[in-house]
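Thanks for coming, everyone. I'll put the sequence and the model up on the screen, and then we'll walk through a few spots together.

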Amino acid sequence: MSHSFTTRPEIRGTFGVVSSTHWLASQTAMSVLERGGNAFDAAVAGGFVLQIVEPHLNGPGGEVPILFWSESERRMRALCGQGTAPALATPAWFRSQGHHLVPGIGLLPAVVPGAFGAWLTLLRDYGTWELRDVLQPAIDYARNGFPLVPRIAQAILAVQELFRTEWTTSAEVWLPDGRVPHPEHLFRTPAVAATYERLVREAGQGAGSRAQRLDAAIDLWYRGFVAHAIDDYYRNAEVRDCTGERHRGLLRHDDMAAWQARYDEPLQLQYGRYTVAKCGVWSQGPVFLQQLAMLRHLGIEGLDAASPEFVHRIAEAAKLAFADRLAWYGDPAHADVPLQALLSDAYARERAALVTAQASAELRPGHPGGRAPVLPDLSASTRALADADTRFGVGEPTFAALPPVNEWAQREIFVGDTCHIDVIDRHGNMVAATPSGGWLSSSPVVPGLGFSISTRLQMTWLDDGLPGTLRAGGRPCTTLSPGLALRDGEPYMAFGTPGGDQQDQWTVAFFLRHAALGMSLQQAIEAPSWHVDHFPGSFWPRATTLNRLTVEAGLPEGTLQALRHAGHDLRIGAPWSEGRISVCTREPAAGGGMLLRAGANPRGMQGYAVGR
């Protein structure tokens, strides 16, 4: 494996490494390290740039889960930047309005936008820089212009009629001079720049410490002018959504004021030399750990990464883990989740024993701790679609079938769009973060702020009594899932990917190619990948597909034939269509010091790793 060709080098250095889904965010974060900032300063600066340069994948009004290693504290922590459901959002209210599901776009699926609070909490508690300095690159791109990747123009083109006729606040931002922007031109979002400049200015007016200035900025966002603007718009505007009707929003100033980013203990699982950490069961992260727990017993070591056995065993483990996600996952502050049982080795053995040589076509949640699973009414999807306005398409985050902008765009269709950034600094601090939400095409721009609000509430159910039931003040169980891993007890890897329901599938195969099969980071990223659809999708209209395996072109014909023979409903995707992984690692170097590495995904032609 050591000499096989990759499209780009595996970055190696000693000073610092960054990998993200956009070259501008990677270079911004690296510039922070070069100017004396630490990994936390760098990740925050890069995270704010991602909001500007990937507005179709995340925005200021989105959310972010963050996993990190603090070298000074010698521990891993999770930071939950997933906002909660408004107080007015209850299953009874939605049902009384005739909804079968929470709509996927518009004002109704809003949650409190958690990204700002999470990034600033990380900066306050672990960073060293002032807010003005970490926000300046994002403000500069928003004010002076950034290059559009073709997918942004494509996303705007897809929803231009909705913007022109209904979401006029979005038309003002995304259709300058009434036209879809050209992908080769610089684009500006001055309203976001003005919002961030006002935050910096007003938060810096009072005397006091750096921490107090950052707290003042958090206060302005969640209790000050940002919260007031959101409240005014969501209370008074009537906005068309995928139900075909216009609705006022449910998000209020009080919901914003009551929320704060919270630290959490990461969940951990041992796999050989590796201790893998994921966010709590308010995310889908534990499905990664459940899969690894099963795969410990399914003989992955020694297989070839392109073999049918490798693909089949991982795909079948994924089906079982995602069935458990459906039955058992939810906000642990509001639901009784049998987490210890789900992650136990005894349960993993019991589940692994269900994997045979044949593909399973059944949705099979388990009985952790002897408890009986209860599933939502999966026919709600059909009923919701029967009443829906699908003129602009369906699904996340675009609410649209994307028309091709050029030949590249026709090849590259990603579902579940999000961003990711990883940073490791020379001190050994590590950050993995997966920002998402606030997509330009999923909810209208809030007047005066220049950005949209997260529509994450669509990931809840309206059935009563499930772990994933919509609860006022509860978190929707997000698909966002950054990862960290220790090796031999020492911090080793920060990693993650965009991809909605695919996130904890692509990264499982990547991790095993590296950790179990010995591939380099870049080889493990570039190897042909796949995903299963074997559950209701996490995003509106939540349609259920069973036993579908989509593989990237590039796997050998013999592997494809064997997978068909095993009973998989096999779909062959385009080359370079599965996975968008970013990764950074650190390890002791021979002779002393620390060796840092980074790899980035060539798919989509915008992910980039830098370091020295």
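So, which residue of strand 11 is the bridge partner of Gln-268? That would be Ala-277. Quick reminder before I go on: what you see here is a predicted model.

That pairing belongs to strand 10, residues 267-271, which runs antiparallel to strand 11 and is joined to strand 11 by 5 bridges. The two strands make a hairpin, with 2 residues between them. If you look in the turn, Gly-272 has a positive phi, about 60 degrees.

Now, strand 11 has another neighbour. Strand 14, residues 483-487, is also antiparallel to strand 11, and 5 bridges join that pair. Over there, Lys-278 finds its bridge partner in Gly-483.

How covered is strand 11, then? Of its 5 residues, spanning 274-278, 5 are buried. You may remember that side chains in a regular strand alternate between the two faces of the sheet. Here, one side carries Tyr-274, Val-276 and Lys-278, the other Thr-275 and Ala-277, and both faces are covered. And yes, that lysine is on the buried list as well.

While we're on buried things, have a look at helix 6, residues 150-158. There, 8 of the 9 residues are buried. Among them are Pro-150, Arg-151, Ile-152 and Gln-154, and the list also includes Ala-153, Ala-155, Ile-156 and Ala-158.

Okay, zooming out to the core. The largest nonpolar core has 103 residues, and the ones touching the most other members are Ile-66 and Trp-119. Helix 2, residues 39-53, gives this core its largest share, 11 residues. Both domains contribute: at least three residues come from each of domain 1 (25-263 + 393-405 + 432-459) and domain 2 (268-357 + 479-611).

Next up, empty space. Rolling a probe the size of a water molecule over the atoms shows where empty space is left. In this model you get 5 cavities of 30 Å³ or more.

The largest cavity comes out at about 150 Å³. Its lining includes Gln-284, Arg-325, Tyr-329, Trp-461, Cys-477 and Arg-542. Sorted by class, that lining has 6 nonpolar, 3 polar and 2 charged residues.

The second largest cavity holds about 120 Å³ of space. It has 15 lining residues, and nearest its centre are Gln-51, Pro-55, Pro-60, Trp-174 and Gly-450. What about charge in that lining? The split is 8 nonpolar, 7 polar and no charged residues.

Then there are pockets, and I want to pick out the second largest one, with about 320 Å³ of space. It is lined by 18 residues, with Met-519, Gln-523, Glu-526, Ala-527 and Pro-528 closest to its centre. The lining breaks down as 11 nonpolar, 4 polar and 3 charged.

Let's stay with Gln-523 for a second. It sits in helix 20, residues 521-526. Is Gln-523 buried or exposed? Its relative accessible area is 7%, so Gln-523 counts as buried, the cut-off being under 20%. For a sense of scale, take Trp-93: it is 430 residues away from Gln-523 along the chain, and the two C-alpha atoms are separated by 50 Å.

Last topic, backbone oddities, for those of you who like checking torsions. There's a cis peptide bond between Trp-540 and Pro-541, with omega at about 5 degrees. Pro-541 is in the loop that links strand 16 (530-536) and strand 17 (544-552).

And which residues other than glycine have a positive phi? One of them is Asp-177, with phi near 60 degrees. You'll find Asp-177 in the loop between helix 8 (168-174) and strand 6 (186-187). Asp-177 has a relative accessible area of 69%, so it is exposed, given that exposed means over 50%.

Trp-576 is another one, not a glycine, yet with a positive phi of about 55 degrees. Trp-576 lies in the loop between strand 18 (569-573) and strand 19 (582-588). At 34% relative accessibility, Trp-576 is classed as partly exposed.

That's my tour. Shall we rotate the model back to the hairpin of strand 10 and strand 11 and take questions from there?

Definitions and conventions
Residues are numbered from 1 along each chain as its sequence is written. This is a predicted model: local features need pLDDT of at least 70, side-chain atom pairs count only at pLDDT 80 or more; totals for chains, interfaces and linings use all residues. Side-chain values use heavy atoms; hydrogens and water are left out. Buried means under 20% relative accessible area, exposed over 50%, partly exposed in between (1.4 Å probe, protein chains only). Helices (H or I, at least four residues) and strands (E, at least two) are DSSP runs, numbered from the N terminus. Two strands pair if DSSP finds at least two bridges between them. On a 1 Å grid over the protein atoms alone, a cavity is a set of points where a 1.4 Å probe fits but cannot get out, and a pocket is an open set with protein on both sides within 12 Å along at least five of seven lines; lining residues have an atom within 4 Å of a point. Grid points are joined across faces, edges and corners, and a volume is the space filled by probe spheres set on the points. Ala, Val, Leu, Ile, Met, Phe, Trp, Tyr, Cys and Pro count as nonpolar, Asp, Glu, Lys and Arg as charged, and the others, Gly among them, as polar. A nonpolar core is a set of buried Ala, Val, Leu, Ile, Met, Phe, Trp, Tyr and Cys residues joined through side-chain atoms within 4.5 Å. Domain bounds come from an automatic or database domain assignment.
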